Each structure stands twice: as structure tokens, then as C-alpha cells.
Amino acid sequence: MFLTFRWFGVDDPVPLSKIRQIPGVTGIVSALYDLPMGSAWPRDHVERLANSIDEAGLALSVIESIPVHEDIKLGRPMRDRLIDNYAESIRSIGAAGVRVLCYNFMPVFDWMRTDLEMRLPDGSLTLAYDDATLARIDLSAGSRSLPGWAHAYTSDELASLLAAYRGLTDEQMWEHLAYFLDRVVPIAAEAGVMMALHPDDPPWPIFGLPRIITDCAALERVVSLVDDEANGLTFCTGSLGSRPDNDVVAMARRFSSLGRIHFAHCRNVRLTGERRFHEVPHPSAFGDVDMRGVLAALRDGGFTGPMRSDHGRMIWGEQGRAGYGLHDRALGATYLLGLWEGLQTAR
């Protein structure tokens, strides 16, 4: 295992110079944020990003992510050209020395929260989700008002996308994912890139949209779609752990032993009701994720890939991108490093 840290490029309030000072962090997780979705990533753009990170004394270890265009998820006629562009992007990141690609297959929306500033008893601010609150959100104005959603759809664009997904079944989504993976996994294997599918966050339908990467059975199906090591997973303890029926430790043991976990996102959540949770400090005692158990399972399964402290509270008066401040993620990283070191010496 080696520690990485998410960085959103030159506009990120957290600079590389500060990330480098976090004990044990050697890798950066980033992406190209200035290219339109669906376009092919030029190799020189990726190399420029990698070089800027290298000059800061770190390494570009993971791309998170190359977004999958909605036409691919919907199975529209344009998908073949878009998949060709995606394959070219994979070749570009492989040529730049990046070995892991984290991506997701969530329709329309990426991760979703209903509160970006829930105040905890200690005064810190955290991310929270409540399905009842989500049901009251009015989508008629587009996506600009949605908590945590970076990509802004106009009301017409969002209405068109939601209409396109209406009636699309889970099984059709699986067919479209299989079509995509059949074409890109061989390219990734050839380029030396491990594809790491991130589970849906939260792992259930939202706004009537199908979400299929939600539990152990779904992860089993993902890795069976293309039986190749390059077709793997991002193991996100917070996404999977927000469903009480997911045995996160057993899942970590199962898929690490198969060699299919290529990236680990580690964060803790506290479950407070039916489809309701908030994020808490990383150590096991603060939430419902047995972080020690997860890391022990990853160790026993032979996991050697990148890991990052995923999300964090806003503490000590810090302001910035919700969930992605410096201080609490740095605390989480050092906790994970110490926990891993203790597990190694306990063998």
C-alpha cells in the first residue's frame, strides 16, 4: 500500500507544497479538468500534469477520473465514437506512466449529498445525506443548486437527460457497462492501466435514476464482465459502508484476494436512519466502518496499490472545497499510515 492525496489542479486551495508535507503521502490523484466530457485526452496534456506534480516532489499515481459520457451509459448510437475517444485517453495516461484509472458509471449525477456543512458536536463541519431531504429537491431549475454537484446542467439539459433515463432498466445499464468494458479493458491492459470502477455514492437510486454498483453481488458481476486483471475496482469504504447490509470487511477480503482492488478510498460514515448518514473522522471508533478490519483484509489479500483518505470534515476554521480540505484529510492519511504500519508489524 502507498498513500495518495486528491488534488484538483492549480485552482485547488490545497497546494502540492502542503500535500508533500503530509507524512507518508507520495502519490497524487488528479485529472484534466479543462477538457470537455467525451473528448480524447492528448498525451502532452497528461504529461504536463504529471511533470508539474513530479516537480513538486510527488508522483501522479491515479487519474480520477476520465468521465464516462452519458451517451455511453444510455447506449446511444454516438457511443462507439465516444468509446474510441475514451480508449485514446487511456493510452495517453498509460504513456504518461499512470497505472490506475478510477472512474464511475453513475447516471447524470456523481456523488450526492444533501448537506455540505452539517455541524457535528465538536464544531466541525461535515458532509451528510438524507433521502427524505433529497426527495424535496426541485430539479426544475437545473443542477446549479444541488449540494456538491460541480457540473452545472441547465433546466432544459437536465430535463432532457432525466427523460432519456426514464424507463431504462438496471439490466440495460449492465448491458451498456459490459459493452463499454468489452472495448476499453483490452486497451487498458495493453497500456498498463488498471481500471478501477468506483461504487455508486450513495449506493441506491436517486431522482428515479438507476444505480447498479451498490453491493457485493454487483462488484462480483463487474469483475466477471471482462475476466482480466485490468478490469477492477476502487474500493470505497464510505460508499459501500453507507448500506448497512454491506459487509465491507468481507468485501475487502474477497476482492483483494482476487487481485481486483486497484485503488482504495478510505472514509468513515455514521448511519443515522433509513438511507441517512453523515461523514465522520476516519478512525473506526467514530463511525460504522471497521477501518482496522478493512485494512487488515486488504493486507491479507495482498493489496499493494494506492490508497487515499477520502473526504474530510472542515476543521480548525478551514474554508475550501467541501469534503476536500487539507487538515482532516491529512489526519486521516496519517491514521491510515499508522494503522497499516501496526498491522504489518502485528503479523
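This is a tutorial dialogue about reading features in a predicted model.

Student: Let's start with the open sheet. How many strands does it have, and in what order?

Tutor: The idea is to trace each strand to its partners. Here the open sheet has 4 strands in the order β5-β6-β11-β10, and the pairing is antiparallel.

Student: Which strands stand at the edges?

Tutor: Look for strands that have a single partner. β5 (115-119) and β10 (268-273) each have just one, so one side of each is left without a neighbour in the sheet. From one strand to the next, the twist averages 35°.

Student: How many bridges join the strands at each end of that order?

Tutor: Take β10 and β11 (residues 276-280): they run antiparallel and are joined by 5 bridges. Gly273 stands opposite Arg276 in β11. Over at β5, 3 bridges join it to β6 (residues 125-130), again in the antiparallel sense. There, Asp115 faces Ala128 in β6.

Student: What should I look for in the hairpin of β5 and β6?

Tutor: Check the backbone angles in the connection. This hairpin has 5 residues between the strands, and Gly123 takes a positive phi near 95°. You can find a positive phi after a helix as well: Gly259, which follows α10, has one near 75°.

Student: Since you bring up α10, which of its residues are buried?

Tutor: In helix α10 (residues 248-257), the buried ones are Val248, Val249, Met251, Ala252, Phe255 and Ser256. Next, ask how they spread around the axis: they cover an arc of only 160°, which puts them on the same side of α10.

Student: And what do the buried residues of α10 pack against?

Tutor: Quite a list: α8 (216-225), β8 (231-236), α9 (237-241), β9 (261-266) and α11 (291-300).

Student: β9 is on that list. How many of its residues are buried?

Tutor: 6 of its 6, so to speak of it as mostly covered is fair. Then look at its pairing. β8 and β9 pair in the parallel sense over 4 bridges, with Phe235 opposite Ala264 in β9. β9 also pairs with β12, in the parallel sense too, over 3 bridges. In that pairing, His265 has Arg308 in β12 as its bridge partner.

Student: On to the rings. How many aromatic pairs are found in the whole structure?

Tutor: A search of the whole structure gives 9. For each pair, read the distance between centres and the angle between planes. Phe8 and Tyr324, for instance, are edge-to-face, at 5.0 Å centre to centre with 85° between the planes.

Student: Where do Phe8 and Tyr324 lie in the chain?

Tutor: In distant parts of it, 316 residues apart. Phe8 is in the loop between β1 (2-6) and α1 (16-19), while Tyr324 is in the loop between β12 (306-309) and α12 (327-345). Both Phe8 and Tyr324 are buried.

Student: Why is the pair of Tyr86 and Phe180 edge-to-face?

Tutor: Planes over 60 degrees apart earn that label. The planes of Tyr86 and Phe180 are at 80°, with centres 5.0 Å apart, so the pair is edge-to-face. Tyr86 lies in helix α4 (residues 79-95) and Phe180 in helix α7 (residues 170-191), so the pair ties together parts that are 94 residues apart in sequence.

Student: Are those two residues buried or exposed?

Tutor: Compare each value with the cut-off: buried means under 20% relative accessible area. Tyr86 is at 3% relative accessibility, so it counts as buried, and Phe180 is buried at 0%. Tyr86 and Phe180 also belong to a cluster linked by ring pairs, together with Tyr103 and Phe105.

Student: Which charged residues sit over the ring of Tyr179?

Tutor: The charged end of Arg79 sits 3.5 Å from the ring centre. Arg183 lies over the face of Tyr179 as well, at 3.4 Å from the ring centre.

Student: One last spot: where is Gly192, and what is it in contact with?

Tutor: Gly192 lies in the loop between α7 and β7 (194-197). With a relative accessible area of 31%, Gly192 is partly exposed. To find its contacts, set aside the neighbours within four places in sequence; that leaves Val98 and Arg99. As for Ile93, 99 residues away along the chain, its C-alpha is separated from that of Gly192 by 9.4 Å.

Conventions: Residues are numbered from 1 along each chain as its sequence is written. This is a predicted model: local features need pLDDT of at least 70, side-chain atom pairs count only at pLDDT 80 or more; totals for chains, interfaces and linings use all residues. Side-chain values use heavy atoms; hydrogens and water are left out. Two strands pair if DSSP finds at least two bridges between them. Helices (H or I, at least four residues) and strands (E, at least two) are DSSP runs, numbered from the N terminus. Axes are lines fitted to C-alpha atoms, for helices over the stretch in contact, and angles run from 0 to 180 degrees between N-to-C directions. Buried means under 20% relative accessible area, exposed over 50%, partly exposed in between (1.4 Å probe, protein chains only). The arc is that of the directions from the helix axis to the C-beta atoms. Contact means heavy atoms within 4.5 Å. Rings of Phe, Tyr and Trp (its six-membered ring) pair if their centres lie within 6.5 Å; planes under 30 degrees apart count as stacked, over 60 as edge-to-face and the rest as tilted. A charge sits over a ring if NZ of Lys or CZ of Arg is within 6 Å of the ring centre and within 35 degrees of the ring normal.
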